[in-house]
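Open your viewer and get ready to click along. Each stop below suggests what to select and says what is there.

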Amino acid sequence: MTPSPPEVTQLLVAWSNGDQAARDQLMPLVYEELHRLAHQYMRRERPGNTLQTSGLVNEAFLKLVDQRAVQWQNRAQFFGIAAQAMRRILVDYAKHRNREKRGGAAADLPLEEALLVAATGQTIDLLALDEALTRLGLIDEQQTRIVELKYFSGLSIEETAVALGISPATVKRDWQMAKAWLRYELSRI
């Protein structure tokens with residue numbers, strides 16, 4: 001049975017207030033969703049990747065538990081931070097693989113049509129995507145957060161708006177602008 005967003009939010013707030021029992025109750029409730037997020041990430045990874053979905057979930061979980069300064073507010077914020085953690089883990093993993101190969105090709109990441117509507121089956125280097133998002137963050141941090149929440153977390157327009165405290169119309173506008181900017185940046189590779 002999928003927990004309700006209010007139930008998850010209540011546990012997150014209790015955890016923020018120091019209730020470790022709330023954290024322990026929360027994790028089994030969100031594990032399935034974290035696993036789904038990790039599975040989406042891993043589907044985009046190249047074949048032969050030695051990092052498994054469960055490993056990605058476990059590493060992300062450890063990063064989430066180590067979050068000391070976060071005041072958990074709601075489910076959308078939690079999954080947004082989880083998606084960021086997974087993205088960082090995969091980027092670090094790709095960097096490590098490249099170091100081992102002494103400059104070998106980076107992992108290819110097929111981009112979903114929702115983000116870059118270029119050619120079918122187009123792939124992109126995960127490190128290039130991360131660098132492009134970092135550059136976008138220097139120009140517009142909000143657009144970067146929207147990409148992370150929409151593309152990497154799979155949140156809806158409404159959930160993204162709640163997580164960022166902005167209107168759904170602003171999310172739609174910034175999402176379109178960010179996709180266009182990333183499409184341009186990644187076409188130059």
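**Stop one: a polar pair on helix α5**

Start with D130 and R87 shown as sticks: their side chains make a polar contact at 2.5 Å. Keep in mind as you go that this is a predicted model.

D130 belongs to helix α5, which covers residues 126-139. Is D130 buried or exposed? With a relative accessibility of 16%, D130 falls under the 20% limit and so counts as buried. Now add V91 to the selection. Setting aside residues within four places in sequence, D130 is in contact with R87 and V91. Between D130 and V91 the C-alpha atoms are 7.3 Å apart, although 39 residues separate the two in sequence.

**Stop two: the whole chain**

Zoom out and switch to a cartoon. You should be able to pick out eight helices and two strands. Trace them from the N terminus and the order is α-α-α-α-β-β-α-α-α-α.

Colour by accessibility next: of the 189 residues in the chain, 47% are buried. If you turn on a surface, its accessible area comes to about 9900 Å², with 53% belonging to carbon and sulfur atoms. How much of the contact map links residues 24 or more positions apart? Among contacts with a separation of 6 or more, such pairs account for 63%.

**Stop three: helices α1 and α2**

Select residues 5-16 for α1 and residues 20-44 for α2. Two packed helices are described by the angle between their axes and by the distance between those axes. Here the angle is about 145° and the axes lie 8 Å apart. Turn the view until one helix is in front of the other, and you will be looking at a left-handed crossing.

Which residues make the contact? On the α1 side, show E7, V8, L11, L12, A14 and W15. On the α2 side, show Q20, A22, R23, Q25, L26, M27, L29 and V30. Colour this set by class and you get 10 nonpolar, two polar and two charged residues.

**Stop four: T53 on helix α3**

Move to T53, which is part of helix α3. T53 counts as buried because its relative accessibility is 15%, under the 20% limit. To see what surrounds T53, select H35, A38, H39 and M42, its contacts once neighbours within four places in sequence are left out.

**Stop five: the loop between α3 and α4**

Follow the chain on to the loop that joins α3 (53-65) to α4 (75-100), and centre on N74. N74 is buried, at a relative accessible area of 15%. Draw two distances from the N74 side chain. One runs to the backbone nitrogen of Q77, at 2.7 Å, and the other to the backbone nitrogen of A76, at 3.2 Å.

What does N74 touch beyond residues up to four places away in sequence? The answer is T9, L12 and V162. You have already met L12, one of the α1 residues in the contact with α2. For another link across the sequence, measure from N74 to E159: the C-alpha atoms are 9.9 Å apart, with the two residues 85 places apart along the chain.

V70 sits in this loop too. V70 is buried, with a relative accessible area of 16%. Show S16, Q77 and I81 to see what V70 contacts, leaving out neighbours within four places in sequence. From V70 to I81, 11 residues along the chain, the C-alpha atoms are 9.7 Å apart.

**Stop six: V162 on helix α7**

Now step across to V162, in helix α7 (residues 157-164). Is V162 buried or exposed? At 53% relative accessibility, V162 passes the 50% limit and therefore counts as exposed. Its C-alpha atom lies 9.6 Å from that of R75, a residue 87 places away along the chain.

**Last stop: R145 on helix α6**

Finish with R145, which you will find in helix α6 (residues 141-152). R145 is buried, with a relative accessible area of 19%. Add Q84 and L164 to the display: R145 touches both, residues up to four places away in sequence not being counted.

How values were computed. Residues are numbered from 1 along each chain as its sequence is written. This is a predicted model: local features need pLDDT of at least 70, side-chain atom pairs count only at pLDDT 80 or more; totals for chains, interfaces and linings use all residues. Side-chain values use heavy atoms; hydrogens and water are left out. Helices (H or I, at least four residues) and strands (E, at least two) are DSSP runs, numbered from the N terminus. Buried means under 20% relative accessible area, exposed over 50%, partly exposed in between (1.4 Å probe, protein chains only). Contact means heavy atoms within 4.5 Å. A polar contact is a pair of N or O atoms within 3.5 Å; within protein, one must be able to donate a hydrogen and the other to accept it, and residues adjacent in sequence count only if both atoms are side-chain atoms. Axes are lines fitted to C-alpha atoms, for helices over the stretch in contact, and angles run from 0 to 180 degrees between N-to-C directions. A crossing is left-handed if the near helix is turned anticlockwise from the far one by less than a right angle, and right-handed if clockwise. Ala, Val, Leu, Ile, Met, Phe, Trp, Tyr, Cys and Pro count as nonpolar, Asp, Glu, Lys and Arg as charged, and the others, Gly among them, as polar. Accessible areas come from the Shrake-Rupley method with a 1.4 Å probe; for residues, only the protein chains shown count as cover.
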